[in-house]
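Biologist: Could you take me through this chain step by step, with the reasoning behind each answer?

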Amino acid sequence: MNSGPTGPMPDASSWALLELAGDEAILPAGIRLVEEDRPGRQCFVLIEGTATVEAAGSQLRELGAGAFVGLVDQGGRPLPPAGLTVQLATRSRVLVIDAERLAVLIDSDPAAAAAWRKMSQQA
């Protein structure tokens, strides 16, 4: 399960699932997707571009295209990221995912649930 804001590039069926629960945006470098001192409300997938992950002012890692920015709880449900700052390093194309909408979709559609399980287990 993904306990941090990074994961592999989702496969085609997972992209379709994520697109149903989110909206695509093109954002400039410097935008903070998440701030460690504020509760997150959305998850993200970097479609194109790069981002940095920081905590307490220290850079922990870099994320590239395909990275899932969010958490997966022990029950396999999506959660917004928490306790980290994720800032875009380059102009990026980002899928902004409503975690609640994704959870409802997973609960209501067996095919969506299977695609989510597959994606979250790869993370």
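Biologist: Leaving aside its neighbours within four places in sequence, which residues is Ser92 in contact with?
Modeller: This is a predicted model, and in it Ser92 has its place in strand E10. Leaving aside neighbours within four places in sequence, the residues in contact with Ser92 are Ala25, Ile26, Leu27, Leu46, Glu48, Gly49 and Thr50.

Biologist: Is Ser92 buried or exposed, and what does its side chain reach?
Modeller: The relative accessibility of Ser92 is 1%, and because buried means under 20%, Ser92 counts as buried. Its side chain has a polar partner in the backbone, at a distance of 2.8 Å, and that partner is the backbone oxygen of Thr90.

Biologist: How many bridges join E3 to E10, and which residue of E10 is the bridge partner of Leu46?
Modeller: Strand E3, residues 42-48, and strand E10, residues 92-98, run antiparallel and are joined by 6 bridges. Within E10, the bridge partner of Leu46 is Val94.

Biologist: What is the order of the open sheet that contains E10, and which strands are its edge strands?
Modeller: The sheet is open, has 4 strands with antiparallel pairing, and follows the order E1-E10-E3-E6. Each edge strand pairs on one side only, and these are strand E1 (22-27) and strand E6 (68-69).

Biologist: Which strands of that sheet does helix H2 touch, and what angle does its direction make with that of E10?
Modeller: Helix H2, residues 99-108, packs on the sheet and touches E1, E3 and E10. The angle between the direction of H2 and that of E10 is about 60 degrees.

Biologist: Why do the buried residues of H2 line one face of the helix?
Modeller: The buried residues of H2 are Ala99, Leu102, Ala103, Leu105 and Ile106. Seen down the axis of H2, they line one face because they fall within an arc of 160 degrees. On the other side of the helix, the exposed residues are Glu100, Val104, Asp107 and Ser108. The value that places the buried residues on one face is thus the arc of 160 degrees.

Biologist: Which residue caps the N-terminal end of H2?
Modeller: At that end, a side-chain oxygen lies 3.0 Å from the backbone nitrogen of Glu100. The residue that supplies this oxygen, and caps the helix, is Asp98.

Biologist: In what order do the strands of the open sheet with E2 and E5 at its edges stand, and how much does the twist average from one strand to the next?
Modeller: This open sheet is formed by 4 strands in the order E2-E9-E4-E5, and the pairing is antiparallel. E2 and E5 each have a single partner strand, so one side of each is left without a neighbour in the sheet. From one strand to the next, the twist averages 30 degrees.

Biologist: Which residues stand opposite Gln87 of E9?
Modeller: Strand E2, residues 32-34, is joined to E9 by 2 bridges and runs antiparallel to it, while E4 and E9 pair in the antiparallel sense over 4 bridges. Further along the pairing of E4 with E9, the bridge partner of Glu54 is Thr85. Opposite Gln87 stand Arg32 and Thr52.

Biologist: Which residues of strand E9 are buried on its two faces?
Modeller: Both faces of strand E9, residues 85-88, are covered. One side carries the buried residues Thr85 and Gln87, and the other carries the buried residues Val86 and Leu88.

Biologist: What is the phi of Ala56, and is this residue buried or exposed?
Modeller: Ala56 has its place in the loop between strand E4 (51-55) and strand E5 (58-63). Most residues other than glycine have a negative phi, whereas the phi of Ala56 is positive, near 50 degrees. Its relative accessibility is 70%, and Ala56 therefore counts as exposed.

Biologist: What does the side chain of Asp73 reach?
Modeller: Asp73 lies in the loop between strand E7 (71-72) and strand E8 (78-79), and at 25% relative accessibility it counts as partly exposed. At 2.8 Å, the side chain of Asp73 reaches the backbone nitrogen of Arg77.

Notes: Residues numbered from 1 in each chain as written. Predicted model: local features only at pLDDT ≥ 70, side-chain atom pairs only at ≥ 80, totals over all residues. Heavy atoms only, no water. Buried < 20%, exposed > 50% of the residue type's maximum accessible area, 1.4 Å probe, protein only. Polar contact = N/O pair within 3.5 Å; in protein donor to acceptor, adjacent residues only side chain to side chain. Pairing = 2+ DSSP bridges. Contact = heavy atoms within 4.5 Å. Axes fitted to C-alpha atoms, helices over the stretch in contact; angles between N-to-C directions. Arc of directions from axis to C-beta.
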